[in-house]
Each structure stands twice: as C-alpha cells, then as structure tokens.
Amino acid sequence: MAMIIAGGMKRATLSIFQRQQSTAMRSFFSYFSLSHKVHPMEVPHCAILQDDILFHIFGFITESSDWLQCMLVCQQWYHNMSWSVQSSLPSKNPLFHMAMKGNLKATRRLLSLPRVDVNGQRMKVPLAIALCQGHDGIVTELVRHPHIRLESDDIAVAVASAWSLGKRKAVRAYFNGLPPRGRSNAFFWAVAVNQFELATEILQQPFHLDERERQMVIEKVKFRGSRSKTSKLTKALINRGK
Amino acid sequence: MASESISVTTSDDQTIQLSRKHAQMSQTINSMLEDSVGADQEAIPLPNVSSEVLKKVIDWCTHHENDPAPVEKVKKLNKKREYKAKNSTISDEWDKNFVNAELRVIVDILLAANYLDVKGLFELMCKHIANELKGKTPDQIRERFGIQDDLTEEDKAAMRKAWGATKNDS
C-alpha cells in the first residue's frame with residue numbers, strides 16, 4: 001500500500017516537475033527569441049507572446065486591412081499573421097466574413113489568392129450571404145468570377161429571400177452576371193414557386209423564351225394566386241410576345 | 001473523499017485556497033490533481049502565476065462557474081453558425097469590465113490562462129487583445145506592445161504588394 005502511494009506521489013511530482021520545466025523552458029526561449037526586438041526600457045513583458053498565443057489572437061482578426069497592419073509590426077508577427085491567414089483560407093471563412101460585411105476590397109483580394117478554392121460547392125455560401133445582406137458589388141464580383149461555376153438552382157432560395165428582403169440591387173446584380181441559360185432556369189423556378197414579382201424582374205433580362213413556353217407560363221399563372229399578384233407578370237409576358 | 005478546497009503556491013510564495021470546482025476549470029491543475037490522487041494534499045506550486053493574477057483568474061472562474069463546458073458550447077454554436085468566422089465580440093457585460101485593465105495585467109492574465117489552460121478565459125483575453133489591435137497602425141501597435149521594428153523597407157514593400165490595397169479597389 002505504502003509503495004503504491006509512494007509510486008503515485010513520485011509520478012505526480014515528476015509530472016508537475018516536467019510540466020513546470022517545459023513551461024519554464026518555453027518562457028525562457030520565447031523571452032530570448034523576442035528580447036532583441038524589445039526596447040529594454042519599455043515594458044518588454046507585454047511583448048512576450050509566444051507564437052501559439054499570437055496565432056490564436058490573430059484568429060480573431062478578420063479584416064484584411066488589419067492583417068497587413070499586424071504583418072508590418074515585426075518579423076515574428078508577420079510570420080504568425082501570414083500563417084494564421086493562410087491556414088484559414090481553405091475553409092473560406094475569411095471569404096464568408098468579408099461577403100457578409102460587404103468588404104469588396106478584401107473579397108477581391110481573397111478571390112485572387114491561389115489558396116482560395118473557388119471551384120467548390122461551398123462558394124454558394126458567400127454568394128447567398130452577400131445576396132441576403134444586399135452587397136451588390138460583392139454579388140457582381142462573385143458571379144462574374146471566371147472560375148466560379150454556379151447554377152441558378154443552387155442559389156434560388158437565397159435569391160428569393162434577398163428579393164423578399166428588398167435587396168433588389170443585389171438580386172439584379174446577380175441576374176446581370178448570370179448566363180442566359182441560368183436566367184431561364186431561374187425564371188421557371190420563380191414561376192413554379194409562385195414568386196411572380198421575382199419572375200417579372202427576371203423577365204426584364206435577356207434570355208430565350210420561345211412562344212410555346214411563353215403561352216404555357218401565361219396559362220399556368222392564370223390558375224395561381226390572386227389577379228393583383230399575377231397581372232404584372234401576365235402583362236410582361238404578353239409584352240414580350242409582341 | 002477529496003477535500004473541497006485546493007491549496008496552490010504562487011510565484012510570489014503566497015498560498016491561496018481555491019475551491020475544487022474552480023480548480024477543475026484549469027486543465028493544468030485538474031491533471032495535476034488526477035496525477036496526485038492518493039498522495040498527500042500538498043499545495044500545488046504555480047511558479048508562472050503571481051498571486052495578483054491568480055486572484056483575477058479565480059474572479060473570472062467564480063463568475064463563469066456555471067457556464068457549459070467549452071466543448072458543449074462549440075457543439076451548440078455549430079448548429080447555427082458553422083460557417084461564421086471567429087467572432088471577437090465580447091458580449092458579457094461582466095467580461096467587458098473584467099478586461100478593462102492595463103495591458104500589462106491583461107497580458108499577465110493571458111499568459112496565466114494559457115499556462116493554467118483555462119479555455120474560456122484564454123479566449124476572452126485573446127479577443128480583447130485582437131480588438132485592441134484592430135484599426136491601429138504598425139507604429140501604434142509597436143509602441144503599445146513595446147516591440148522593435150526589425151523589418152526592412154524591402155520586406156514592407158513586398159508585404160504591401162502582396163496584401164495591400166490596389167488602385168482599382170473601391
């Protein structure tokens with residue numbers, strides 16, 4: 001029994017000693033790795049931030065202008081900030097954040113970086129966010145990007161939500177950037193889900209709608225919703241046939 | 001049966017009693033306690049933490065003792081906000097008052113939270129320092145943190161070229 005207790009104590013003491021020793025060594029080396037950067041008379045204590053702590057702090061800095069300011073502080077901050085930014089790029093979190101905040105400059109910069117994979121399905125998320133927040137500049141940038149392939153079906157619900165939220169400029173920016181085939185898909189989707197006002201808006205954009213399709217939509221609209229809601233779309237469809 | 005309070009010795013040789021619940025909010029102390037089960041209840045030495053800072057840490061632990069564990073919190077957040085970037089907003093009014101201190105004290109608490117592995121407190125301090133950095137120029141940051149500029153003009157020009165604004169940006 002005594003041997004077990006003694007063994008436990010020894011293990012505990014050793015564990016505490018190892019923990020303290022490793023922390024002390026870390027502090028020792030981090031102090032000397034930084035001490036050459038610090039003015040001896042100015043609070044050097046504040047500058048003793050180890051790389052792992054700096055990395056964590058920088059994770060909370062999401063504005064690209066702040067990234068640059070931190071990188072320009074010193075070598076250690078530059079390495080940690082660029083590591084922090086680069087490691088978060090594949091997840092596209094900075095892009096989501098910038099799209100949400102409407103930061104066009106940062107969005108352009110992120111889209112130009114090779115580590116941002118613009119071909120994935122997750123690209124519809126920043127676009128949906130920008131649409132619903134009404135950031136038309138960002139919507140234009142994302143839709144017109146040569147490598148982003150988006151079908152209108154992927155984003156249809158976000159377009160309808162943005163339209164009902166009154167983000168008309170953003171929705172128009174989206175349709176301006178879509179190819180005619182995408183507009184056509186979006187139009188038929190809007191009719192199918194009774195989004196007549198949105199369908200009328202899409203109808204202002206150039207896309208192919210043949211006579212048979214036009215008549216079919218007019219017939220469909222007749223049996224859907226109240227007359228006041230469908231009259232604008234019916235008029236627009238009739239005008240398109242002239 | 002384990003006692004309800006734990007003794008710790010700080011870097012300035014003060015012995016402080018803290019409740020087992022608060023002690024277990026620190027992963028470092030918790031693992032030390034687990035390692036020393038069955039051993040004599042000696043004061044746990046914390047050579048990297050001063051008594052002043054430890055009292056601050058205990059204050060924070062007291063206020064947050066009923067918070068859900070960090071892992072549960074993340075799971076709950078992920079259901080709704082899985083694609084949001086890290087949010088640096090400090091929403092708790094008490095926390096806002098807590099971080100309203102000198103930078104020296106903030107950095108001491110941050111280092112202590114890192115050493116003691118108190119996740120919530122560490123996050124709070126990192127958020128506060130990140131908020132301090134936002135909108136500041138490199139010169140202002142260097143002055144605030146007492147850091148010497150060791151970058152050459154060429155380094156800075158290269159960084160500005162890679163990360164700075166372009167003329168076409170609005």
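This text walks through a predicted model with chains A and B, beginning with the confidence scores and ending with chain A.

The model as a whole scores ipTM 0.84 and pTM 0.53. In chain B the mean pLDDT is 80, and 79% of the residues reach 70 or more. The elements of chain B are not alike in this respect: helix H4 (residues 70-81) has the lowest mean pLDDT, 45, while H3(B) has the highest, 93. Two stretches of chain B stay under 50. One is residues 72-85, for which the model has nine contacts beyond four places in sequence. The other is residues 165-170, with six such contacts. Where pLDDT is low, the predicted coordinates should not be read in detail.

Chain B contains nine helices and three strands. Along the sequence their pattern reads β-β-α-α-β-α-α-α-α-α-α-α. The chain has 170 residues, of which 29% count as buried. Among the contacts in chain B with a separation of 6 or more, residues 24 or more positions apart account for 64%.

The strands of chain B are a convenient place to start. How are the three strands ordered in the open sheet of chain B? The order is E2-E1-E3, and the pairing is mixed. E2 and E3 of chain B stand at the edges with a single partner strand each, so one side of each has no neighbour in the sheet. Strands of a sheet pair through backbone hydrogen bonds, and they may do so in a parallel or an antiparallel sense.

On one side, E1(B) pairs with strand E2 (residues 15-19) of chain B in the antiparallel sense, over five bridges. Here B:Thr9 stands opposite B:Thr15 in E2(B). The two strands E1(B) and E2(B) form a hairpin, with five residues between them. B:Asp13 lies in the loop between E1 and E2 of chain B. The phi of B:Asp13 is near 60°, which is a positive value in a residue other than glycine. B:Asp13 is exposed, with 9 other C-beta atoms within 10 Å.

With strand E3 (residues 44-45) of chain B, E1(B) pairs in the parallel sense, over two bridges. The bridge partner of B:Val8 in E3(B) is B:Ile44, and that of B:Thr9 is B:Pro45. Across its two faces, E1(B) is covered on the one with B:Ile6 and B:Val8 and uncovered on the one with B:Ser5, B:Ser7 and B:Thr9.

A second positive phi in chain B belongs to B:Asp117, again near 60° and again in a residue other than glycine. B:Asp117 sits in the loop between H6 and H7 of chain B. It counts as partly exposed, with 15 C-beta neighbours inside 10 Å.

The next topic is the nonpolar interior. The largest nonpolar core has 53 residues, and those with the most contacts inside it are A:Cys70, B:Val57, B:Leu110, B:Ala112, B:Ala113 and B:Met125. Which elements give two or more residues to this core? From chain A they are helix H3 (51-58), helix H4 (64-71) and helix H5 (75-88); from chain B they are strand E1 (5-9), helix H2 (27-35), helix H3 (51-63), helix H6 (103-116) and helix H7 (119-133). H6(B) gives the most, with nine residues. B:Met125 touches B:Ile106, B:Ile109, B:Leu110 and B:Ala113, leaving aside residues up to four places away in sequence. A second core, separate from this one, has 40 residues, including A:Ala99, A:Leu110, A:Val143 and A:Ala199.

Chain A also carries an annotation. In an unreviewed UniProt entry, residues 51-79 of chain A are annotated as "domain: F-box". In the model this span is 72% helix and 0% strand, and its end C-alpha atoms lie 9 Å apart.

Further along chain A is helix H12 (residues 180-192), with 13 residues. From its first C-alpha to its last, H12(A) reaches 18 Å, close to the 18 Å expected at 1.5 Å a residue. Which residues of H12(A) are buried? They are A:Gly182, A:Arg183, A:Ala186, A:Phe187, A:Ala190 and A:Val191. H12(A) is followed by A:Asn194, whose phi is positive, near 60°.

Terms used. Residues are numbered from 1 along each chain as its sequence is written. Chains are lettered from A and ligands numbered from 1 in the order in which they are written. This is a predicted model: local features need pLDDT of at least 70, side-chain atom pairs count only at pLDDT 80 or more; totals for chains, interfaces and linings use all residues. Helices (H or I, at least four residues) and strands (E, at least two) are DSSP runs, numbered from the N terminus. The expected span of a helix is 1.5 Å times one less than its number of residues. A residue is buried if 20 or more other C-beta atoms lie within 10 Å of its own, exposed if 12 or fewer, and partly exposed in between; C-beta atoms are placed from the backbone. A nonpolar core is a set of buried Ala, Val, Leu, Ile, Met, Phe, Trp, Tyr and Cys residues joined through C-beta atoms within 7 Å. Two residues are in contact if their C-beta atoms, placed from the backbone, lie within 7 Å. Two strands pair if DSSP finds at least two bridges between them. UniProt positions are given in the numbering used here, feature names are shortened, and annotations may be inferred rather than shown by experiment. pLDDT is the predictor's confidence in each residue, from 0 to 100.
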